[in-house]
Amino acid sequence: APLGAEEAPTRNLRSKLLAATNTDLEGLTLKDPPQFFPDLLDRLKLGDIVYLPPLRDRFEDLPDLVVCFVRQAEDELPGAYRGRGIDSSVYDLLTSYDWPGNIRELGSCIKQAVNTYKHMELLAPRCIELPRAAGGRFHGVLRQPHAKELTNSTLAEPPSIEAPFSP
């Protein structure tokens, strides 16, 4: 408002708020003292609340997500083969992993495969690198023909890297 004006001009504003969390906000409002503002939670509840389960509980979404991430990676990578096919056994491999990082982790995995094999016309299981967890700890990346072919002894030890020794 201009200096000295008696009323501030009014403007209509339409906005949407998108919020995401993996925390129980209602539980946080019930703690003493509250760790989340109850009035803010009430205002957030005025809109539609959508519960989206983790990726490991909705593998039926994998085909659409994989195609989306492959096309994004092809568009972002200069010189990449465009419109590559996706071998159906890729989905078997991807469903063998729990995806604790959800869709972001899947997207990174697929984009890495496209970047590594940018000239391939078919995304095959051998192109996919899955993080390998043993006892809940990350042990690096294991390239594999198919995750279901891993044995218990393979899962028990992280891969070793042998480098030549030079004095």
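Which residues have the most contacts inside the largest nonpolar core? In this predicted model, they are Val 66, Leu 94, Trp 99, Leu 106, Ile 110, Ile 128 and Leu 130, within a core of 25 residues. A nonpolar core is here a set of buried Ala, Val, Leu, Ile, Met, Phe, Trp, Tyr and Cys residues joined through side-chain atoms within 4.5 Å. Buried denotes under 20% relative accessible area, exposed over 50%, and partly exposed the range in between (1.4 Å probe, protein chains only).

The model is predicted, so that local features need pLDDT of at least 70 and side-chain atom pairs count only at pLDDT 80 or more, whereas totals for chains, interfaces and linings use all residues. Residues are numbered from 1 along each chain as its sequence is written, and side-chain values use heavy atoms, with hydrogens and water left out.

**Nonpolar core**

At least two residues of this core come from each of α3 (62–76), α4 (89–94) and α5 (102–116). Helix α3 gives the most, with 6 residues. Helices (H or I, at least four residues) and strands (E, at least two) are DSSP runs, numbered from the N terminus. Leu 94 touches Phe 59, Leu 62, Val 66, Trp 99, Leu 106, Ile 110, Ile 128 and Leu 130, residues up to four places away in sequence not being counted; contact means heavy atoms within 4.5 Å. In soluble globular proteins, nonpolar side chains tend to be buried together.

**Salt bridges**

The structure holds 4 salt bridges, each defined as a side-chain nitrogen of Lys or Arg within 4 Å of a carboxyl oxygen of Asp or Glu. Three of the pairs are tabulated with their N to O distances.

| Pair | N to O distance |
|---|---|
| Lys 45 and Glu 26 | 2.6 Å |
| Asp 61 and Arg 58 | 2.7 Å |
| Glu 74 and Arg 84 | 2.9 Å |

The salt bridge of Lys 45 with Glu 26 links distant parts of the chain, 19 residues apart: Lys 45 lies in the loop between α2 (38–44) and α3, and Glu 26 in helix α1 (residues 25–30). Lys 45 counts as partly exposed because its relative accessibility is 35%, and Glu 26 is likewise partly exposed, at 42%.

In the pair of Asp 61 and Arg 58, Asp 61 is partly exposed, with a relative accessible area of 26%, whereas Arg 58 is buried, at 8%.

Glu 74 forms its salt bridge with Arg 84. Glu 74 lies in helix α3 and Arg 84 in the loop between α3 and β1 (85–86), so the pair ties together parts 10 residues apart in sequence. Glu 74 is buried, with a relative accessible area of 1%, and Arg 84 is buried, with a relative accessible area of 1%. Arg 71, Glu 74 and Arg 84 are linked in a network of salt bridges.
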